[in-house]
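Trainee: I would like to know what stands behind the words used for a structure. Can we take them one at a time, each with its cut-off?

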Amino acid sequence: MTNRLNSLDDESARRSQRARTVGNLRYSKSMPDDSKPGRSHVIVRPASSVRGIVRIPGDKSVSHRYAMLAAVAEGTSRFQNFSAARDCASTLDCVATLGSAWKRLEGENEDRGAIEVRGAGPRLKAPEQVLDCGNSGSTMRMLSGILAGQSFSSELCGDESLSRRPMARIMKPLSEMGAKISSSEGGRPPLKIQGGPLKAIHYKPEVASAQVKSCVLFAGLFAEGETVVDEPLRTRDHSEIALRAFGADVERVGNASRIVGGQQLHAIDAHVAGDLSSAAFFLCAAALFPGSQITLPGILMNPTRARLLDILILMGLKVSVAHLEEHHGELVGTIEAQGAEWKGAVIAGADTAALIDEIPVLAAVAPYSEAGLEVRDAKELRVKESDRIAAVATNLRKMGAEIEERPDGMRILGGQPLHGAELDSFGDHRIAMAFAVAALRAEGETMIHGADAAGVSYPGFFEELETVAGR
Ligand code: S3P
């Protein structure tokens, strides 16, 4: 067994970090720095099956929203299975700087990510330092909505990847609402926000983005009048559901969400369901081997996220969902999946928006399918944590596949066996994990540089993948 994750390139850091061994994986002792891609690698060996039960960590999207809304709520909120993602730690650090203290809860719940967030709202404390959003676009875009409604000025920055990402999409509506907001050239971070009294707007975003919608709805909470966000395509609705859970009235008609300003939020106790976008890696891993079987308990089954399951079923994975329950407005269930044949798919239009985070892994395993994968209308993939179209194309070519790269998508033929290769995560968590999955069926070993990026959404991912990979 040679699957391992270790610090590669910084000799002195390597000497000072005692490696520890967990199963077959070797990890550096200290948390690797994901803002410097290329500092670690993982080697993935081929597998012959995938089998087991995986407890997927709490949903990242929901965790961000719970932390931000808890910060502006009255009272202390408690969350179990709060995401351990580095992105969500960025959100927690920011809300703490804004006067909303949080802590991990000791005792039996500790392992399940139990935390408590003390509400400071609705008025937060003026920050004494720049708010560092790390790698997290969700933190920067959604928190900006809350900051726009505060009576102080604040500055938000991010790592190298986040500093390249477009922010004009939130600057425009927030300016229309009355905030003064400036950025670096081309609408890139850092952002400076002078908050103040806001007026409600009726906003029709050009891009289908849940982050933009959430930003405007969060600002709408502090605005005078009724704010409406009318989306071009339906995006994930966790903000609407979370706002209701915290006691706000939010209306949704068709693709339009409405909120009246001035509503006071109240603390909640909630359990965060497992992240379906993280589950996607294990479902695709199971899809690679007929007869594989994977069970994923307690997964978030929100219909605006669950289109993934339809596509996987269309592609040939056998999927069933049991124990469906509702937690604070969100659907939760246990997914059981079995690998069978692996056909092909075309993802376009509304499906592209609904599957935007899962396209990298679907693309990475597409060469093993019968008919391949075509992805259209996916220009947004170019401005994620990396240019995900270019990253997928580069890595697949290194593994021996032919791929047609398009400005807003890609076409990958099926029936292409892959071989192991030396790949890069491009500092992008989903690229690191997608290619670890693809590597399971490749011939020979695959080395993924910058593998510690996975911790941005899923710390412990490679260990977990190793536990289900049969050899
Ligand atoms: C997210 C929305 C999506 C997604 C991101 C999380 C969210 O981004 O890609 O990982 O939690 O609202 P966009 O809103 O930019 O599409």
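Mentor: Start with the ligand, which is surrounded by Ser61, Arg65, Ser138, Arg141, Ser209, Ala210, Gln211, Arg236, Ile356, Asp357 and Lys384. This is a predicted model, in which local features need pLDDT of at least 70, side-chain atom pairs count only at pLDDT 80 or more, and totals for chains, interfaces and linings use all residues. Residues are numbered from 1 along each chain as its sequence is written, and side-chain values use heavy atoms, with hydrogens and water left out.

Trainee: What makes a residue count as near the ligand?

Mentor: One of its heavy atoms must lie within 4 Å of the molecule. Arg65 and Lys384 are among the residues of that shell.

Trainee: Which helices supply at least two residues of the shell each?

Mentor: They are helix 2 (60-71), helix 4 (137-148) and helix 6 (210-220). A helix here is a DSSP run of H or I with at least four residues, a strand is a run of E with at least two, and both are numbered from the N terminus.

Trainee: How do you know that Arg65 makes a polar contact with the ligand?

Mentor: A polar contact is a pair of N or O atoms within 3.5 Å; within protein, one must be able to donate a hydrogen and the other to accept it, and residues adjacent in sequence count only if both atoms are side-chain atoms. An N or O atom in the side chain of Arg65 is 2.6 Å from an oxygen atom of the ligand. That value is within the limit, so the pair qualifies. The side chain of Asp357 also has an N or O atom 2.6 Å from a ligand oxygen, and for a polar side-chain atom of Lys384 the distance to a ligand oxygen is 2.7 Å. The protein covers 94% of the 380 Å² of accessible area that the ligand has on its own, as given by the Shrake-Rupley method with a 1.4 Å probe, where for residues only the protein chains shown count as cover.

Trainee: Ser138 is in the shell as well. Why is Ser138 called buried?

Mentor: Buried means under 20% relative accessible area, exposed over 50%, and partly exposed in between, with a 1.4 Å probe and protein chains only. Ser138 has 10% relative accessibility, so it counts as buried. Ser138 lies in helix 4, and its side chain is joined to that of Gln211 by a polar contact of 2.9 Å.

Trainee: What makes Phe426 partly exposed?

Mentor: Its relative accessible area is 33%, so Phe426 falls between the two limits. Phe426 is in the loop between strand 27 (422-424) and helix 13 (429-439). Its phi is near 55 degrees, which is positive in a residue other than glycine.

Trainee: Asn81 has a positive phi too, about 60 degrees, although it is not a glycine. Is Asn81 buried or exposed?

Mentor: At a relative accessible area of 7%, Asn81 is under the limit and therefore buried. Asn81 is found in the loop between strand 6 and helix 3 (86-97).

Trainee: Where is Ser77, and what does Ser77 touch?

Mentor: Ser77 is in strand 6 (residues 76-80). Apart from neighbours within four places in sequence, its contacts include Ala70, Ile115, Phe246 and Asp269, where contact means heavy atoms within 4.5 Å. Ile268 is also one of these contacts, and its backbone nitrogen lies 3.1 Å from a polar side-chain atom of Ser77. Ser77 has a relative accessible area of 0%, so it is buried.

Trainee: How do you know that helix 7 is mostly covered?

Mentor: Six of the eight residues of helix 7 (residues 238-245) are buried: His238, Ser239, Glu240, Ile241, Ala242 and Leu243. Just after helix 7, Gly247 takes a positive phi of about 100 degrees.

Trainee: What is omega for the cis peptide bond that joins Gly121 and Pro122?

Mentor: Omega is about 5 degrees there, and Pro122 is in the loop between strand 8 (115-118) and strand 9 (131-132). The peptide bond from Pro189 to Pro190 is also cis, with omega near 5 degrees; Pro190 belongs to strand 12 (residues 188-194).
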